[in-house]
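Please look through the structure below with its sequence alongside. The text after it goes from aromatic rings to a sheet and then to a pocket.

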Amino acid sequence: MSDLQPTIAPSPSRRRDSVRAEVDESLRASVRTLGGLLGRVLSAVDPSLLDDVEHLRALTIAAYEDDDQQRFEEAEALVESFTPERAEQVARAFTAYFHLVNLAEEQHRIRRLRERDVPGRAETRTDTFAGAITQLTSEVGAEETARRVAALRFHPVLTAHPTEARRPAISGAIRRIAELLAERDDPRLGYAAGLENERRLLEEIDTLWRTSPLRAQKPTPVDEVRTAMNVFDTSLFQVVPRVYRALDDWLLGDEAGKAPAVAKAFVRYGSWIGADRDGNPFVTAKVTRQAAQIASEHVLLGYEHAATRIGRTLTISAEDTPPSAALTDLWARQRALAGFAADELEQRSHTEPHRRALLFVTRRIIATRTRDADLAYESPEELLGELRIIQSSLREGGADRAASGELQHLIWQVETFGFHLADLEVRQHSKVHRQVLEELRSGSPRSELADEVLEVFHTISALQKRFGVDAARRYIVSFTQSAEDLANVYELAKRALGSAEAAPVLDVIPLFETFADLNNSTDILDGLIELEPVKARLAATGRRLEVMLGYSDSSKDVGPVSATLALYDAQSRIAAWAKRNDIELTLFHGRGGALGRGGGPANEAVLAQPPHSVEGRFKLTEQGEVIFAQYGDQTIAARHLEQMASATLLAEAPSNQARNEQASVTYSALATRLDEASRARFFELVKADGFAQWFGRVTPQEEVGLLSLGSRPARRGLSLESLEDLRAIPWVFAWSQARVNLTGWFGLGTALASIGDAELLHKAYNEWPLFGTMIDNVQMSLAKTDERLARRYLALDSREDLAQLVLDEMALTREQVLLTSGHTELLEGRAVLQRAVQLRSPYVDALSLLQLRALREIRATGSADAEDRPHRLMLLAVNGVAAGLQNTG
């Protein structure tokens, strides 16, 4: 595996030559390096293993590029000829290769971001602070732009379903390889250092190869919390102030780094990890407390290290920068808290009052973490107050740059993360609340479920007392179908704590997931704001309210096209409802990472939202693999935050609003026709007799349940009798593994064909942002499908009628999407993504053939033993395909 090009295959087609010519040499060099090193590792294990890997790779590339059926069948025969042990080794080799290619692409993306970071270029791009603010200023003026920038809020919520298909041990090896790969970009790397770098790369790639890619057991919710903390420690804590600094530098211009900061801390993180108990029996009140404690430990350690580092460098003398009266008073208060510690600091920093005050702050941060009541801060606001006194004193003494530098970064971090790091958001299903209340009202002895539900409110109360109300005030009700479902939460809190006055502060958030609930949303909201606890919260918060929209289940309910249109319509109606009721609305978007769960480029989705539905505030879920993709590297994380913030600002630009508003009017009739036709086609498939069981047989759906992806069960019941029993994640994951990706496109082809007007559709593609985004996302989904492999998966069962329906719709959708977009091939307008998919697909094909071999054996024998050879090969291939396609669910 020494290069993207096969070593044994016949000459690649002209199309592949064209693709390769467009791939930057730096990326090709990285892939060659990593592929070559992996080849050396495999050869050392067994030279014949490398031969088998190269042979299969050559056949699948030739089959893909030349559409050569004979080569495809030869590849299939080769896979069938492998011994069980060799099949596993080959699957692991291709999976390791994908991990390395993913790293090379990530490093290339970082390289390109740095290359684009040149003076004057940012202003030309609207997905940057400079470009967004420039455009907004031209439309609404400087004063209104400043107001909007000050009110900006971006609120990602981290979720753990699933975490990743790969083990943490694999992730650790990959991250170490990434650091070594980045080191190779340093022009100062000499010959000897280069040799050492290569030796260490070989060592880490060998470790990656020898590390079992399969978890021995499912992760617990606490494991998932600790996994997310790795991202915070390595990236998020440092990146957030960098992003604020980029905005501040643009706003201040020549005064940047000297004048007081004007950029506000606009990012807030939320988390469902360890708090989302909807269908997850392993998330208990005890786990939620642990999650909060772990997060607090990490953020306070972050403050401790930052304050210590800054304090040690703040060697500014009182002679040059005299302390302010406020700083002198602060030192007196600090001395009163711990005279011994103050004496020690004064002895070491007698003439450096700012340094000793900040180092005493560090002592108090440590005390807060270790729960030393004598020294601990009562709240983040108290810590911020002391930091601002130090900052103001520096500024009064003329040390403006010290005041505006790293100390400002620490202030921004505390404003963003508080003492809790991320707001824990409890989520529970409405039927659980109903069940428990019925039990409590009956007077019968309390069940374990009732005890656990009530204990959650005690936990929320305790977390609010420990970390502040914002640490855990949001309570999300899944499958909200009435205002009563929301009132039930307040009643349960009252019963748990004994009275409404003793209950914790709660913002109960409806989650509208099904097509019917989306349609009934405003009627339910009318009832919500009439509830007395909600009236009280609206009065206390300035009439702020959150509403969550579920992308996953709505798509599984009515299909991707109807769900997209229903969600847009619901947002429009909810935004209008909020305006009528004088509500400051935040819509919370439950978008997953995969396209079938509402994924796709999030910044583009922001710009396609209905007018007045964003208003400078955007909140969304970011799940497992997306967390690592968006936040695992600091450069990429900073870019992601800037893109999302810029899109949030521009969503309400008059030009963008006018475009969306005009399009929704112009194409309302088209939307209705697309909805009706696509939904009918979707129902024709999913409501067919025996569909759920057929789906389980033609995809690795059951086997996905064996893969230790996350702590949450894959389905709600013991058996799969209908789609309602299945969670959206395995629904999406299973179809992507079968190379069908049905959840991202099914029904669209029929809907487009029913219009019968290619000119109208092409016009809508260019003028209607929602439609254009949907078509582009479907292109991405279709590009990752493979008809030959799909046919083989669908042939695992005898229902030829359902198989043909899927294949017919796949062909029709591909044809209609190209016609609508005006493209001659998929992803023609997204060259970088197109190249990545084309270069990866043959390698994914090899893993799919290995997976099919395992599935056929499992289906033929009826084996349910998760430890046998076919199941092991199956799961290894699942890992590899997920790495190759770069999505799970």
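In this predicted model, there are 26 aromatic pairs. One of them is formed by Tyr244 and Trp412, whose rings are edge-to-face, with 5.7 Å from centre to centre and 65° between the planes. The angle earns that label because planes over 60 degrees apart count as edge-to-face. Tyr244 belongs to helix 10 (residues 221–252) and Trp412 to helix 17 (residues 406–417), so this pair ties together parts that are 168 residues apart in sequence.

The next topic is the sheet. Its 9 strands form an open sheet with parallel pairing, in the order 3-2-1-9-8-7-6-5-4. Which strands stand at the edges? They are strand 3 (423–424) and strand 4 (426–429); each has a single partner strand, so one side of each is left without a neighbour in the sheet.

For strand 4, strand 5 (residues 474–478) runs parallel to it, and 4 bridges join the two. Within this pairing, His429 stands opposite Ser478 of strand 5. Helix 18, made up of residues 430–442, lies across both strand 4 and strand 5, and runs at about 70° to strand 4.

The last topic is a pocket. The second largest pocket has a volume of about 1200 Å³. It is lined by 49 residues, and the closest to its centre are Arg153, Arg473, Arg474, Arg544 and Glu584. Arg474 also falls in strand 5, which covers residues 474–478. Sorted by class, the lining of this pocket has 20 charged, 19 nonpolar and 10 polar residues.

Conventions: Residues numbered from 1 in each chain as written. Predicted model: local features only at pLDDT ≥ 70, side-chain atom pairs only at ≥ 80, totals over all residues. Heavy atoms only, no water. Pairing = 2+ DSSP bridges. Contact = heavy atoms within 4.5 Å. Axes fitted to C-alpha atoms, helices over the stretch in contact; angles between N-to-C directions. 1 Å grid on protein atoms, 1.4 Å probe; cavity = no way out; pocket = protein on both sides within 12 Å on 5 of 7 lines; lining within 4 Å. Points joined across faces, edges and corners; volume = space filled by probe spheres on them. Nonpolar A, V, L, I, M, F, W, Y, C, P; charged D, E, K, R; others polar. Phe/Tyr/Trp six-rings, centres within 6.5 Å; stacked < 30°, edge-to-face > 60°.
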